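Here is a short briefing to read alongside the coordinates. Have the viewer open and follow the topics in order.

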Amino acid sequence: MSASAEVIVGGVGGELGLHISHPGGTEVRAESAVVTLAGPVLADEVDRVVDVTRKVRGVREVVSQLEVHEHAGTVPGLQGGAGESTAR
């Protein structure tokens, strides 16, 4: 991952930690200013996740591969409280 991609991933992860309830379940990848988001997310937070990501400096495009869930239920990535996002 290039230095600029690392900066973008860090920025997105930091912002998600401030704006969604389970950021630890969200995988953030960046390549050529295109950010891909993956992992479980609550349905009422999907738009916020994408909007917050688009506003991070250096992001040109957002690709959502998020798994949308109405409720946390037994989804492992949606258990517990806020945590750190996973950058890959």
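What follows goes from the overall fold to the sheet, the second helix and the salt bridges.

This is a predicted model, so please read every value below as computed from it. The chain has 2 helices and 4 strands, and from the N terminus the elements come in the order α-β-β-α-β-β.

**The chain as a whole**

- Of the 88 residues, 40% count as buried.
- The accessible surface is about 5,000 Å², and carbon and sulfur atoms contribute 49% of this area.
- Among contacts with a separation of 6 or more, 67% link residues that are 24 or more positions apart.

**Strands S1, S2 and S3**

- Strand S1 (residues 27-31) runs antiparallel to S2, and 5 bridges join the two.
- S1 and S2 form a hairpin with 2 residues between the strands, and serine 32 in this hairpin has a positive phi near 55°.
- Strand S2 (residues 34-42) is also joined to strand S3 (residues 61-69), this time in parallel, through 9 bridges.
- On the S2–S3 side, proline 40 sits opposite glutamate 67 of S3.
- The link from S2 to S3 passes over helix H2 (residues 46-54), giving a right-handed β-α-β unit.

**Threonine 36 in strand S2**

- Threonine 36 is part of strand S2, where it is the bridge partner of arginine 29.
- Is threonine 36 buried or exposed? Its relative accessibility is 14%, so it counts as buried, the cut-off for that class being under 20%.
- Setting aside residues up to four places away in sequence, threonine 36 touches Glu27, Val28, Arg29, Val63 and Gln65.
- Of these contacts, Glu27, Val28 and Arg29 fall within the residue range of S1, while Val63 and Gln65 fall within that of S3.

**Helix H2 and its buried side**

- Which residues of H2 are buried? They are Val46, Val49, Val50, Val52 and Thr53.
- These residues span an arc of only 165° around the axis, which means that they lie on the same side of H2.
- Threonine 53 belongs to helix H2 and counts as buried because its relative accessibility is 0%.
- Beyond its neighbours within four places in sequence, threonine 53 is in contact with Val12, Leu16, Val35, Leu37, Val59 and Val62.
- Among those contacts, Val35 and Leu37 lie in the residue range of S2 and Val62 in that of S3, the two strands that H2 connects in the β-α-β unit.

**Salt bridges**

- How many salt bridges are there? The count comes to 2.
- One of them pairs the side chains of arginine 29 and glutamate 27, with an N to O distance of 2.6 Å.
- Arginine 29 is partly exposed because its relative accessibility is 28%, whereas glutamate 27, at 16%, counts as buried.
- Both of these residues are also among the contacts of threonine 36.
- Another salt bridge joins the side chains of aspartate 51 and arginine 54, at 3.7 Å from N to O.
- Aspartate 51 and arginine 54 are both in helix H2, 3 residues apart, or about one turn of the helix.
- An α-helix has 3.6 residues a turn, so residues three or four places apart point the same way.
- Aspartate 51 has a relative accessibility of 37%, so it counts as partly exposed.

Methods
Residues are numbered from 1 along each chain as its sequence is written. This is a predicted model: local features need pLDDT of at least 70, side-chain atom pairs count only at pLDDT 80 or more; totals for chains, interfaces and linings use all residues. Side-chain values use heavy atoms; hydrogens and water are left out. Buried means under 20% relative accessible area, exposed over 50%, partly exposed in between (1.4 Å probe, protein chains only). Contact means heavy atoms within 4.5 Å. Accessible areas come from the Shrake-Rupley method with a 1.4 Å probe; for residues, only the protein chains shown count as cover. Two strands pair if DSSP finds at least two bridges between them. A crossover is right-handed if, with the strands pointing away from the viewer, the path from the first strand over the helix to the second runs clockwise. A salt bridge is a side-chain nitrogen of Lys or Arg within 4 Å of a carboxyl oxygen of Asp or Glu. The arc is that of the directions from the helix axis to the C-beta atoms.
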